[in-house]
Amino acid sequence: MDLYEYQAKELFARHGVPVPRGRVASTPEEARSIAEELRAPVVVKAQVKTGGRGKAGGIRPAPGPSSTEAEARHVIGMDIKRHIARTVLVEQATVPFEEYYAAYLVDRADRTFLAMVSARGGMDIEEVAATDPGALVRMPIDPVRGVDREIALELAARAALPEDVREAVAGVLVRLWQVMVEEDALLVEVNPLACTADGRVLALDGKVTLDAGAGFRHDHEALADPAEGEGLEAVARARKLNYVKLDGEVGVIGNGAGLVMSTLDVVAYAGRGFGGVRPANFLDIGGGASAQVMADALDTVLADPGVRSVLVNVFGGITACDAVADGVVAALRMLGERGLSRPVVVRLDGNNAEAGRAILAAARHPRVRVVTTMDDAAELAARLAAA
Ligand SMILES: Nc1ncnc2c1ncn2[C@@H]1O[C@H](COP(=O)(O)OP(=O)(O)OP(=O)(O)O)[C@@H](O)[C@H]1O
Ligand SMILES: [Mg+2]
């Protein structure tokens, strides 16, 4: 789960990482009153989960309350790389003397944690990494030892930060590591990590990705964003469904993680023939596909407004296909209107597949189409989604 900058900064503050004073606003008037409270020049920052906001004009300085209101009016509703800014962070303007870069991430290729630090932070870090890779220090972090003061100082030295700020930066690096570990994050990135003329070090930006798989250890639910389908994931979790929201149009329901993963691939592949239709989600209903589980699954998938067709792909094993078919029929009845809203393609194979198909055929549901092979089912689901 990706966090907004303001949420990342709230986590930072909880772990003692210095951040500018500020708050999030969803209206220009609210932005104004935050600026009044702060009694200082502020920066109005578009809250979108994508980078390059500065370059897109989503980061705007404002000397006082009325300009803050005007800038917020300009930024709220702004489209930045297809992300609409619904809120702005209004925070105290800090004049950065220097801008550094610091990040921790899970490096899956190297199967380790990785720290990245650079003396050349700011808005062009991607370019620095591409044109002068030596300026971006990369160091694997031992997960048991983590980042202590000594390691943090080594990072600061290797990145050739000015000697007089290394101690302060190291202190922040240690705390950012605490954010990484204690919040179960997959990514903690600060760009810029600003150093002020009087030697203070603070996070002017923050990007955090939390590991949703570790969500049960935290109270991170409040950080979920309904506008991004994260609300759907929370609802699915409460129903004990393994559901992951994706960005496409074909809802996918299957039994067994492996089967669902390959269904996603097959749908994406078939979708290329229909203007790039893609899977809308991952949903594994596991072994016991009772009518209730199937109803919950269909209801969850259909609650996603982006879904235009649904593919139910089940390989009958211990739970036989006739039981699954009964579940689908009962589920659609339970869902009423919502069950009728979009086409559902069902592919059943394995144990009692014939009987399952017969049950679906007999039910004559107007929206259900039964297809025998996985490829054909994916193709039909993609075609219906594109229609
Ligand atoms: N509170 C602040 N006070 C003064 N300047 C700021 C403040 N916040 C941000 N800036 C300036 O605006 C620039 C861009 O801000 P920020 O890094 O938050 O957004 P961004 O462009 O989206 O970054 P990225 O591309 O890394 O996601 C910073 O490099 C910094 O120079
Ligand atoms: Mg930034």
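Ala, Val, Leu, Ile, Met, Phe, Trp, Tyr, Cys and Pro count as nonpolar. Asp, Glu, Lys and Arg count as charged, and the others, Gly among them, as polar. With these classes, the shell around ligand 1 divides into six nonpolar, six polar and six charged residues. The model described here is predicted.

The surroundings of ligand 1 were examined next. The ligand has 18 residues around it. Of these, Lys 45, Gly 52, Arg 53, Glu 91 and Glu 99 come nearest. Polar contacts were then listed. A polar side-chain atom of Lys 45 lies 2.7 Å from an oxygen atom of ligand 1. Backbone atoms take part as well. A polar backbone atom of Thr 94 is 2.9 Å from a nitrogen atom of the ligand. For Asn 191, a polar backbone atom is 3.0 Å from an oxygen atom of ligand 1. Taken alone, ligand 1 exposes 610 Å², and the protein buries 89% of that area.

The space that ligand 1 takes is the second largest pocket. Three elements give two or more residues each to the shell around the ligand: β2 (42-46), β6 (88-92) and β10 (185-195).

The domain assignment divides the protein into domain 1 (21-92), domain 2 (98-217) and domain 3 (225-386). The shell around ligand 1 draws on domain 1 and domain 2, with at least three residues from each. The C-alpha centres of domain 2 and domain 3 lie 41 Å apart.

Two features of the backbone were also noted. Most peptide bonds are trans, and most residues other than glycine have a negative phi. The peptide bond from Asn 191 to Pro 192 is cis, with omega near 10 degrees. Pro 192 lies in strand β10. This strand is one of the elements that give two or more residues to the shell around ligand 1. Asn 191, at the start of the cis bond, also has the backbone atom placed 3.0 Å from a ligand oxygen.

The second feature concerns Arg 39. This residue is not a glycine, yet its phi is positive, at about 50 degrees. Arg 39 is placed in the loop between α2 (28-38) and β2. Strand β2 (42-46) in turn gives two or more residues to the shell around ligand 1.

Conventions:
Residues are numbered from 1 along each chain as its sequence is written. Chains are lettered from A and ligands numbered from 1 in the order in which they are written. This is a predicted model: local features need pLDDT of at least 70, side-chain atom pairs count only at pLDDT 80 or more; totals for chains, interfaces and linings use all residues. Side-chain values use heavy atoms; hydrogens and water are left out. A residue is near a molecule or strand if one of its heavy atoms lies within 4 Å of it. A polar contact is a pair of N or O atoms within 3.5 Å; within protein, one must be able to donate a hydrogen and the other to accept it, and residues adjacent in sequence count only if both atoms are side-chain atoms. Accessible areas come from the Shrake-Rupley method with a 1.4 Å probe; for residues, only the protein chains shown count as cover. On a 1 Å grid over the protein atoms alone, a cavity is a set of points where a 1.4 Å probe fits but cannot get out, and a pocket is an open set with protein on both sides within 12 Å along at least five of seven lines; lining residues have an atom within 4 Å of a point. A molecule sits in a cavity or pocket if more than half of its atoms lie within 2 Å of its grid points. Helices (H or I, at least four residues) and strands (E, at least two) are DSSP runs, numbered from the N terminus. Domain bounds come from an automatic or database domain assignment.
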